Amino acid sequence: MTTTIDIDSLDWNKGGGLLPAVVQDADSLRVLMLGYMDRQALQATCATRQVTFFSRSRNRLWTKGETSGNTLELVAIETDCDADALLVRARPRGPTCHLGRDSCFADAPHDVVAALDALVVSRVDAPADASYTARLFAGGVRRIAQKVGEEGVETALAAVAEGDDALLGEAADLLYHLVVLLRARGLGWADVQRVLAARAGAASGG
């Protein structure tokens, strides 16, 4: 992923020295907010890996979370085809919106499984009595794998013997336990997505 930009190649004139910067959650792909960057803000973002904007109302640079603590940690940044807008992929540390929401766009779509994966990660080192997920991790890979097997059987049975709601519920249970199993092995949903993307590329070229 790109984390450096040729700043001089960007079209700073079109927006009067500012570029719109769309911030996207690097994991769930949810659009989090829209801000503006000048040259200094972009340089600071790339140098510190903390997403920094130019505040038009305050007429100065501001790093997201400098007062609230809800920062945006840079993962990747790229320009659009006209070099006059930025797409910033970041990992939010706390709510992005000043209203306490994850996104400034209340209904912005996102990858629900990636969001689940992020929640599961937060339970990895939690005490066993903190949650069901924490208890699964405490049981170890073998126990989690057993649960995945049980949920797989229940999903298959629901597919042939029950209605759609039952099947969807079992499929959701299976997917949840699979995400936990991946994390117990030190893997994540993004790793599965990379394999699927590679297979899709191979299939389209074959």
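**Exercise 1. In which segment is the place of Ile7? Determine its burial and its contacts.**

*Solution.* The structure is a predicted model, in which local features need pLDDT of at least 70, side-chain atom pairs count only at pLDDT 80 or more, and totals for chains, interfaces and linings use all residues. Residues are numbered from 1 along each chain as its sequence is written, and side-chain values use heavy atoms, with hydrogens and water left out.

Step 1. Ile7 is placed in the segment before β1 (19-25); helices (H or I, at least four residues) and strands (E, at least two) are DSSP runs, numbered from the N terminus.

Step 2. Ile7 has a relative accessibility of 13% and therefore counts as buried. Buried means under 20% relative accessible area, exposed over 50%, and partly exposed in between, with a 1.4 Å probe and protein chains only.

Step 3. Leaving aside residues up to four places away in sequence, Ile7 touches Trp12, Arg39, Leu42 and Gln43. Contact means heavy atoms within 4.5 Å.

Step 4. From Ile7 to Gly152 the C-alpha to C-alpha distance is 51 Å, and the two are 145 residues apart in sequence.

**Exercise 2. Locate Asp38 and list its contacts.**

*Solution.* Step 1. The loop between β2 and α1 holds Asp38.

Step 2. With a relative accessible area of 13%, Asp38 is buried.

Step 3. Not counting residues up to four places away in sequence, Asp38 touches Trp12, Gly17, Leu18, Phe54 and Leu61. Trp12 is also among the residues that Ile7 touches.

Step 4. Asp38 and Gly15 are 23 residues apart along the chain, with 9.6 Å between their C-alpha atoms.

**Exercise 3. Analyse the buried side of helix α1.**

*Solution.* Step 1. In helix α1 (residues 39-48), the buried residues are Ala41, Leu42 and Thr45.

Step 2. These buried residues fall within an arc of 100° when seen down the axis of α1, so they line one face of the helix. The arc is that of the directions from the helix axis to the C-beta atoms. As a general point, an α-helix has 3.6 residues a turn, so residues three or four places apart point the same way.

Step 3. Exposed Gln40 and Ala47 are carried on the face of α1 turned away from the buried side.

Step 4. The cover over the buried residues of α1 includes the strands β2 (31-37), β3 (52-55), β4 (60-63), β5 (72-79) and β6 (86-92).

**Exercise 4. Describe the packing of α2 against α4.**

*Solution.* Step 1. Two packed helices are described by the angle between their axes and the distance between the axes. Axes are lines fitted to C-alpha atoms, for helices over the stretch in contact, and angles run from 0 to 180 degrees between N-to-C directions.

Step 2. For α2 (residues 112-121) and α4 (residues 164-184), the angle is about 50° and the axes are 10 Å apart. α2 is therefore oblique to α4; angles under 35 degrees count as roughly parallel, over 145 as roughly antiparallel, 65 to 115 as roughly perpendicular and the rest as oblique.

Step 3. α2 and α4 cross in a right-handed sense. A crossing is left-handed if the near helix is turned anticlockwise from the far one by less than a right angle, and right-handed if clockwise.

Step 4. On α2, the contact is made by Val113, Leu116, Asp117, Val120 and Val121, and on α4 by Leu175, Tyr176, Val179, Val180 and Arg183.

Step 5. This contact of α2 with α4 comprises 8 nonpolar, no polar and 2 charged residues. Ala, Val, Leu, Ile, Met, Phe, Trp, Tyr, Cys and Pro count as nonpolar, Asp, Glu, Lys and Arg as charged, and the others, Gly among them, as polar.

**Exercise 5. Describe the packing of α3 with α4, and place Glu151.**

*Solution.* Step 1. The axes of α3 and α4 cross at roughly 150° and come within 8 Å.

Step 2. The crossing of α3 and α4 is left-handed, and the contact residues divide into 18 nonpolar, 4 polar and 6 charged.

Step 3. Glu151 belongs to helix α3 (residues 132-161) and is buried, at a relative accessible area of 6%.

Step 4. Apart from residues up to four places away in sequence, Glu151 touches Glu170, Asp173, Leu174 and His177.

**Exercise 6. Characterise the positive phi values of Leu29 and Ala83.**

*Solution.* Step 1. Leu29, a residue other than glycine, has a positive phi near 70°. Leu29 lies in the loop between β1 and β2 and is partly exposed, at 44% relative accessibility.

Step 2. Ala83 is not a glycine, yet its phi is positive, at about 60°. Ala83 lies in the loop between β5 and β6 and is buried, with a relative accessible area of 17%.
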